[in-house]
Amino acid sequence: MLYDNHGREMTYLRLAVTDRCNLRCFYCMPEEGIHYMPEKQLLTWEEMLRIVQQLYVLGLRKVRITGGEPLLRQGIMEFLEELSRLEGLEVCLTSNGVLLEKHIPQLKDYGIRSINLSLDSLDRKRFHQITRRDDFDVVYSAMLRLIEADFKVKINAVVMDGKNEQDILTLAQLTEQYPISVRFIEEMPFNGSGKGSAILNWDFSKIVDHLKSHFGNMQPMAVTYGETALRYQIPGFKGDVGVIAAFSRTFCGTCNRIRLTAMGEVKTCLYDDGVFDLKSFIRQGVSDEEIRQTFITLFGSRPKDGFEAEKNRKGIINESMTSIGG
């Protein structure tokens, strides 16, 4: 098994397969987008599969495919099919939903049943203002099709002061009718501008208080090891709501995540600036054992939490979330 130097079991890989995205959410990247890497500078599907296989040997139990928008990269469905053949490995997908609906039957055939859907507003105008794209209808339709197909659906909504706080209650209200989880995420500084705010007006405690002021007696739910969301059941509702303290970083003590960017950079924490160029290492012709030993070594000197990781950075945070995989 792979453990870090703080005794945390590393069983969950967040694997970004592309840095490209078809939305332009302002909290994730500048309006003009970012400088996308040429395909040859990304990990190949074969390299990614090999990495997953070696982490699987070390006890990997869950892999979440992210981006950018993962469905933009040609070959993604064949890659997901290969991953689904690793017995006992839970394969999940995070998507903005724009290209998702047509792939739902195939995803179900592969045994992929957990989908995280990014959706920051149920108001078409605010959705357009946030994403800079007019794709609300196709995203909402994809959500309904996922629910109908009995997927485990999690809605990820970033809470932004002055932008969509009025959507907190309407998004939470979805869980009355649908057996989904709606998770409200603190806004983070990974917008590609290097100008992330040091002040957070809507932190996790304010979001929870806002929900409680409207829905009353929300019941706390049991938290599993490594889970980032504080989840609550609203009495009589089919689903649940949760809050992820991504900026406050209250869940670092049980973080079991390995992060790998599409460019092959290993991150032992979301807030570090990358600790190892695994792509270049693999292309030197290294053995599977050397790949496994590299992960053991890297996680043997992991920062205690996101604050230590940020302090150890070489410069300010100027990445876009689409380039690091969330």
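Reader: How many salt bridges does a search of the whole structure find?
Author: Side chains of opposite charge can pair when their charged atoms come close. The model examined here is a predicted one, and a salt bridge is counted where a side-chain nitrogen of Lys or Arg lies within 4 Å of a carboxyl oxygen of Asp or Glu. Searched as a whole, the structure gives a total of 18.

Reader: Which residue is linked with Asp4 and Arg8 in a network of salt bridges?
Author: Arg8 forms a salt bridge with Asp4, and the closest N and O atoms of this pair are 2.6 Å apart. Both Arg8 and Asp4 are buried, which means that each has a relative accessible area under 20%. The residue linked with Asp4 and Arg8 in the network is Arg302.

Reader: How many residues apart in sequence are the parts that the pair of Asp288 and Arg50 ties together?
Author: Asp288 and Arg50 form a salt bridge in which the closest N and O atoms are 2.7 Å apart. Asp288 belongs to helix H9 (residues 288-298) and Arg50 to helix H1, so the salt bridge ties together parts of the chain whose separation in sequence, in residues, is 238.

Reader: Are Asp288 and Arg50 buried or exposed, or something in between?
Author: The class in between covers relative accessible areas that are neither under 20% nor over 50%. Asp288 has a relative accessible area of 31%, and Arg50 has one of 22%. Because both values fall between the two cut-offs, Asp288 and Arg50 are each described as partly exposed.

Reader: At what angle do the axes of H1 and H9 cross, and which residues make the contact?
Author: The axes of H1 and H9 come within 10 Å and cross at roughly 65 degrees, which makes H1 roughly perpendicular to H9. The crossing is right-handed, and by class the contact has 5 nonpolar, 1 polar and 3 charged residues. The contact residues are Arg50, Ile51, Gln54, Leu55 and Val57 of H1, together with Asp288, Ile291, Arg292 and Phe295 of H9.

Reader: How far apart in space, C-alpha to C-alpha, are Glu46 and Phe79?
Author: Glu46 is placed in helix H1, which runs over residues 45-57, and Glu46 is exposed, with a relative accessible area of 60%. In sequence, Glu46 and Phe79 are separated by 33 residues, whereas their C-alpha to C-alpha distance in space is 8.6 Å.

Reader: Which residue of the salt bridge between Arg249 and Glu310 is buried?
Author: The side chains of Arg249 and Glu310 meet in a salt bridge with an N to O distance of 2.7 Å. The pair links distant parts of the chain, 61 residues apart, with Arg249 in the loop between strand E9 (240-244) and strand E10 (257-260) and Glu310 in helix H10 (residues 306-311). Glu310, at a relative accessible area of 31%, is partly exposed, whereas the buried residue, with a relative accessible area of 9%, is Arg249.

Reader: How are H6 and H7 oriented to each other, and at what angle do they pack?
Author: Two packed helices are described by the angle between their axes and the distance between the axes. For helix H6 (residues 167-177) and helix H7 (residues 204-215) the axes are 10 Å apart, and the crossing is right-handed. Ile168, Leu169, Ala172 and Gln173 in H6 meet His210, Leu211, His214 and Phe215 in H7, a contact with 5 nonpolar, 3 polar and no charged residues by class. H6 and H7 are therefore roughly perpendicular to each other, packing at an angle of about 65 degrees.

Reader: Which residues does the cis peptide bond join?
Author: Most residues other than glycine have a negative phi, and most peptide bonds are trans. A cis peptide bond is present in this model, with omega at about 15 degrees, and one of its residues, Gly68, lies in the loop between strand E2 (62-66) and helix H2 (76-83). The residues joined are Gly67 and Gly68.

Reader: What are the phi values of Arg132 and Asp150?
Author: Arg132 sits in the loop between helix H4 (124-131) and helix H5 (136-148) and is partly exposed, with a relative accessible area of 22%. Asp150 is found in the loop between H5 and strand E5 (152-159) and counts as exposed at 59% relative accessibility. Neither residue is a glycine, yet phi is positive in each, near 60 degrees for Arg132 and about 65 degrees for Asp150.

How values were computed. Residues numbered from 1 in each chain as written. Predicted model: local features only at pLDDT ≥ 70, side-chain atom pairs only at ≥ 80, totals over all residues. Heavy atoms only, no water. Axes fitted to C-alpha atoms, helices over the stretch in contact; angles between N-to-C directions. Helix = DSSP H or I, 4+ residues; strand = E, 2+ residues; numbered from the N terminus. Parallel < 35°, antiparallel > 145°, perpendicular 65-115°, else oblique. Left-handed = near helix turned anticlockwise from the far one by under 90°. Contact = heavy atoms within 4.5 Å. Nonpolar A, V, L, I, M, F, W, Y, C, P; charged D, E, K, R; others polar. Buried < 20%, exposed > 50% of the residue type's maximum accessible area, 1.4 Å probe, protein only.
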